[in-house]
Amino acid sequence: MVPALAGPCGRYGNRRRVAGSKQSRAHAHKAGSPRQAGAPHIPLDMALSRRLRLRLCARLPDFFLLLLFRGCLIEAVNLKSSNRNPVVHEFESVELSCIITDSQTNEPRIEWKKIQDGQTTYVYFDNKIQGDLLGRSDVFGKTSLRIWNVTRKDSAMYRCEVVALNDRKEIDEITIELIVQVKPVTPVCRVPKAVPVGKMATLLCQESEGYPRPHYSWYRNDVPLPTDSRANPRFHNSSFLVNSETGMLVFNAVHKDDSGQYYCIASNDAGASRCEGQDMEVYDLNIAGIIGGVLVVLIVLVLITMAICCAYRRGCFINNKQDGESYKSPGKHEGVNYIRTNEEGDFRHKSSFVI
């Protein structure tokens, strides 16, 4: 038998021994005996050991590749963030996480930039806070950014950039989107004071400061109204729809039960605000009273017309006109000059005779 070549895996020796063992087992089977005296015998633990070494040798290339790849990563700067999409309420504090995971540079250059409405401005440059965050932000943990008293104007994209000159890959960056939520202010509500039964009525609720855009809900006598009156048996006598996006409450035809005090609440993830309650009265139309009033007006107009006609027939308007026209100033005789004295009605004439 040829001896096996020495080595950690024993490739060639194992093959020859395995082949010899197969031949021995085949010869013993043909002879009908359990095993010939000269056949090689391989213990079970030795076979398991050989299999383990074969598996280890098969995985060695992957192991070396992993070490090589890991060595390349160590020579490159890499960043990560614990929260790429932070959400905060207005006037609170927020931390924008930017962490260096791998780098060979002890003092890398850190920069923060703000991207808003297509414009890029510096937030942190040359180891100083810049721009509108000056006085209410700082850098902590070497690379992360902290902002106090955030406002709605701080909602933007923020980019953390790190330059490590001693690394094979010198530059890496990470972008974080900051969302600032704003609580709605007191909404403006418009409620009609009085509406006749059976008529259409529209109630309005509007708010323009909250972010994200608020949703609206209406209340009558402190009872929340459903978006559709038909969906709730409690409001089977009503016929209305509530638009939670626009804040409109529309009654197709008001009923007496729709009378009450109404108010609206505007709410989003940052909070809620409500307007003051306003009363709406639904009244019945008095058809008999309306008809009676119209008849009275018509009778009065007829009487006035008849009185005018009677007066005209009696000559009241004609006599007055004639009396006014009957008075005429006395005619002046030719050749006579009239001179009015200080006393009214006293005239003195000067005669002139022409012969």
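The following exchange introduces a predicted model of one protein chain.

Biologist: What is the mean pLDDT of the chain?

Modeller: This is a predicted model in which local features need pLDDT of at least 70, side-chain atom pairs count only at pLDDT 80 or more, and totals for chains, interfaces and linings use all residues. Residues are numbered from 1 along each chain as its sequence is written, and side-chain values use heavy atoms, with hydrogens and water left out. pLDDT is the predictor's confidence in each residue, from 0 to 100; 67% of the residues reach 70 or more, and the mean for the chain is 79.

Biologist: Over which residues does pLDDT stay under 50, with three contacts beyond four places in sequence?

Modeller: Where pLDDT is low, the predicted coordinates should not be read in detail. A contact means heavy atoms within 4.5 Å, and residues 1–40, where pLDDT stays under 50, have 26 contacts beyond four places in sequence. The stretch with three such contacts, where pLDDT also stays under 50, is residues 63–73.

Biologist: How many helices and strands does the chain have?

Modeller: Helices (H or I, at least four residues) and strands (E, at least two) are DSSP runs, numbered from the N terminus. By that rule, the secondary structure of the chain comes to four helices and 23 strands.

Biologist: In the hairpin of S8 and S9, which residue in the turn has a positive phi?

Modeller: Strand S8 (residues 137–140) and strand S9 (residues 144–147) run antiparallel and are joined by four bridges, where two strands pair if DSSP finds at least two bridges between them. Among the bridge partners, Val-139 is matched with Leu-145, and Phe-140 with Ser-144. Three residues lie between the two strands of the hairpin, and the one in the turn with a positive phi, about 60°, is Gly-141.

Biologist: Which strands are the edge strands of the open sheet that holds S8 and S9?

Modeller: This open sheet has three strands with antiparallel pairing, in the order S3-S9-S8. An edge strand here pairs on one side only, and the two that do so are strand S3 (94–96) and S8.

Biologist: Is Glu-90, which meets Arg-152 in a salt bridge, buried or exposed?

Modeller: A salt bridge is a side-chain nitrogen of Lys or Arg within 4 Å of a carboxyl oxygen of Asp or Glu, and the side chains of Arg-152 and Glu-90 meet in one at 3.3 Å, N to O. Arg-152 lies in the loop between S9 and strand S10 (156–163) and Glu-90 in the loop between strand S2 (87–89) and S3, so the pair ties together parts that are 62 residues apart in sequence. Buried means under 20% relative accessible area, exposed over 50%, and partly exposed in between (1.4 Å probe, protein chains only). Arg-152, at 36%, counts as partly exposed, whereas Glu-90, at 14%, counts as buried.

Biologist: What is the relative accessibility of Lys-114, which meets Asp-132 in a salt bridge?

Modeller: The side chains of Asp-132 and Lys-114 meet at 3.3 Å, N to O. Asp-132 sits in the loop between strand S7 (128–129) and S8, while Lys-114 belongs to strand S5 (residues 109–116), 18 residues apart. Asp-132 is partly exposed because its relative accessible area is 46%, but Lys-114 counts as buried because its relative accessibility is 4%.

Biologist: How far apart in space are Ile-171 and Val-77, C-alpha to C-alpha?

Modeller: Ile-171, found in strand S11 (residues 171–181), touches Val-77, Val-162 and Val-163, not counting residues up to four places away in sequence. Ile-171 is exposed, with a relative accessible area of 51%. Ile-171 and Val-77 are 94 residues apart in sequence, and their C-alpha to C-alpha distance is 6.7 Å.
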